[in-house]
Amino acid sequence: MKLDEIHSPNDIKRLSVDELPALCDELRAALLKKLAAHGGHIGPNLGMVEATVALHYVFDAPADKLVFDVSHQTYVHKMLTGRMEAFTDPAHYDDVTGYTNPGESPYDLFTLGHTSTSVSLATGLAKARDLRGDTENVVAVIGDGSLSGGQAFEGLDYGATLGSNFIVVVNDNDMSIAENHGSLYDNLRLLRETDGQAEPNYFKSLGYEYHYVAYGNDVVALVDAFRRVRGTHHPVVVHLATQKGKGYAPAEAHRERFHYGAPFDISTGEPLRIDTSEDYADITAEHLIEMMGADRTVTAITAGTPGVIGFDSDRRRVAGSQFVDVGIAEQQAVSLASGLAKGGAKPFFGVVSSFIQRAYDQLSQDVAINRSPITMGIFYGTMYGMTDVTHLGWFDIALISNIPGFVYLAPTCKEEYLAMLDWSMRQSEYPVAIRIPGGAVRVTGREFPADYSDLNRYCVTRCGSDVAIIAAGAFYQLGEQVADELRSRGQNPTLINPRYLSGLDAELLGSLEEHHRLVITLEDGILDGGFGEKIARFYGTSAMDVKCYGLRKEFADRYDYTELAHANRLEPKLIADDVVSLLCK
């Protein structure tokens with residue numbers, strides 16, 4: 001079958017089962033060609049080709065409901081559901097998102113991008129079906145790595161009680177982004193080694209009927225397995241042992257590196273563009289390993305994303321037991337860090353900005369109320385990071401800076417980051433989060449203070465009058481550009497690096513009222529509940545004008561950096577225009 005003849009799953013249902021392996025080969029070849037040219041999630045999608053074909057061959061989506069966990073493995077699903085051109089025609093490669101998106105197709109039920117949620121979402125669909133008295137199949141697809149998330153257990157625990165059609169497909173490739181961590185994986189390994197016959201069985205212990213497919217990349221075997229459970233009247237788990245990166249030797253051999261990647265040479269697997277510049281992941285890992293050598297209680301923690309903090313396989317070996325991967329379980333990571341700190345250790349938890357929101361309760365209850373002196377590194381907290389709607393790094397300032405007792409620091413460059421990191425790992429009074437600057441690493445050659453325990457003391461870096469620019473973290477450089485633009489227009493602005501996102505320097509802010517009429521704030525995050533609003537509230541009853549610059553509260557998707565900055569007036573000339581206009585009033 002020609003791929004351009006596939007417009008819906010009905011088109012592949014006309015094939016015989018024996019013709020499906022050839023279809024899978026064609027799909028994989030097209031998929032690999034796009035991935036090499038465009039980048040994306042490589043291993044997860046190559047490993048799910050056969051399972052996706054079998055699901056759509058047996059089930060009748062969208063009447064039957066398919067929910068994919070994370071949904072980073074749904075490229076073939078999109079190819080089969082009317083979006084083939086986005087994978088076969090380079091001119092249309094950007095027509096679709098990297099995740100499921102109901103705006104694209106009725107076959108996509110949810111906009112998803114975070115982990116461990118598919119089973120819970122599917123339980124809701126199944127319960128709604130039962131309340132309506134309907135009979136469609138409800139299928140949740142979840143990877144073994146996602147099972148480490150607490151919500152996956154919660155969904156499985158509830159799903160087993162439904163007493164009606166509820167099918168969970170577990171895609172087990174013995175990998176998360178990196179290797180799996182947690183005792184659950186001992187049982188999965190045992191099930192793989194015994195062809196699904198071993199006892200105990202995690203899924204059966206929860207109350208599920210259990211089916212095992214030893215070679216989950218055999219589309220014929222998968223069709224048979226799905227046909228056996230289609231129309232079931234009780235909860236079922238179908239456990240598939242698959243190969244991550246299936247069909248592409250470099251991805252099979254280097255599963256961690258090929259989880260997600262930029263464009264690469266398809267003949268060798270080597271990236272087409274090699275970035276040799278410094279990044280904060282490597283800076284963090286090297287610094288922490290140096291600390292570990294001097295202090296055996298220093299511990300680096302990740303929640304299933306070791307690459308975010310630069311701990312590749314070599315560095316993990318060097319760190320040994322001082323590196324901990326708890327799996328995709330941010331709640332566990334935060335509470336573990338609190339316990340480590342209480343026990344006299346020095347934990348550093350590095351996490352993606354859009355993932356830390358999963359652990360808000362632990363940040364508040366287990367850390368802040370208990371004043372546990374943990375250190376968190378918040379990565380990709382920036383508008384200049386990931387642009388998918390599910391991975392926006394705009395909300396962490398409002399989230400973390402408003403938890404009582406948390407010290408949220410915003411370094412402006414490499415040197416200031418390392419100074420803040422050293423202080424935080426030494427001190428034992430406060431829980432500290434450090435917002436790693438977004439964008440390229442900025443090296444200034446300057447020395448920065450070694451002690452930040454005198455909280456909320458801002459740093460005036462240029463003295464002036466009339467207008468003060470308070471530019472936080474990565475936007476300090478924007479503040480410098482605005483100051484330069486204003487100087488070219490005859491103004492002499494004051495420039496301030498606030499350093500602290502979580503508190504106010506009341507003494508300094510009060511002193512500005514003597515020689516300034518306007519304060520502007522710059523932050524790389526949403527304005528609602530953000531840093532600038534704290535400043536505006538301080539001046540609420542005074543004559544000082546305050547203008548806050550940041551991002552409006554919205555869920556943008558796959559945005560252009562330049563366009564977003566312009567829409568929010570985050571450009572030196574536009575800000576300077578506003579300042580001059582306000583000062584002339």
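Buried residues are those under 20% relative accessible area, exposed ones are over 50%, and partly exposed ones fall in between. This scale is used below for residues of a model that is predicted.

**Salt bridges**

Side chains of opposite charge can pair when their charged atoms come close. In this structure the count comes to 35 salt bridges, and three of them are set out here.

| Pair | Closest N to O distance |
|---|---|
| Lys13 and Asp60 | 3.2 Å |
| Glu278 and Lys414 | 2.8 Å |
| Asp454 and Arg457 | 3.5 Å |

Lys13 forms a salt bridge with Asp60, and this pair links distant parts of the chain, since Lys13 belongs to helix α1 (residues 9-13) while Asp60 sits in the loop between α4 (49-58) and β2 (65-68), 47 residues apart. Asp60 has 35% relative accessibility and therefore counts as partly exposed, and Lys13, at 24%, also counts as partly exposed.

The salt bridge between the side chains of Glu278 and Lys414 likewise links distant parts of the chain: Glu278 is in the loop between β7 (260-261) and α13 (280-294), whereas Lys414 is in helix α19 (residues 414-426), 136 residues apart. Glu278 is partly exposed, because its relative accessible area is 41%.

In the salt bridge of Asp454 with Arg457, Asp454 has a relative accessible area of 49% and so is partly exposed, while Arg457, with 33% relative accessibility, counts as partly exposed. Elsewhere, salt bridges that share partners join Lys78, Arg83, Glu104 and Asp108 into one network.

**An open sheet and two helices**

Strands of a sheet pair through backbone hydrogen bonds, either parallel or antiparallel. One open sheet in the model has five strands, which follow the order β14-β16-β15-β17-β18 with mixed pairing. The edge strands, each of which pairs on one side only, are β14 (459-462) and β18 (545-551), and from one strand to the next the twist averages 25°.

Within this sheet, strand β15 (residues 466-471) and strand β17 (residues 516-526) pair in the parallel sense over six bridges, and Ala468 stands opposite Val519 in β17.

Two helices can be described together with these strands. Helix α22 (residues 531-538) lies across β15, β17 and β18 and runs at about 155° to β17. Helix α24 (residues 572-583) lies across β15, β17 and β18 as well, running at about 150° to β17.

Note on methods
Residues numbered from 1 in each chain as written. Predicted model: local features only at pLDDT ≥ 70, side-chain atom pairs only at ≥ 80, totals over all residues. Heavy atoms only, no water. Pairing = 2+ DSSP bridges. Helix = DSSP H or I, 4+ residues; strand = E, 2+ residues; numbered from the N terminus. Axes fitted to C-alpha atoms, helices over the stretch in contact; angles between N-to-C directions. Contact = heavy atoms within 4.5 Å. Salt bridge = Lys/Arg side-chain N within 4 Å of Asp/Glu carboxyl O. Buried < 20%, exposed > 50% of the residue type's maximum accessible area, 1.4 Å probe, protein only.
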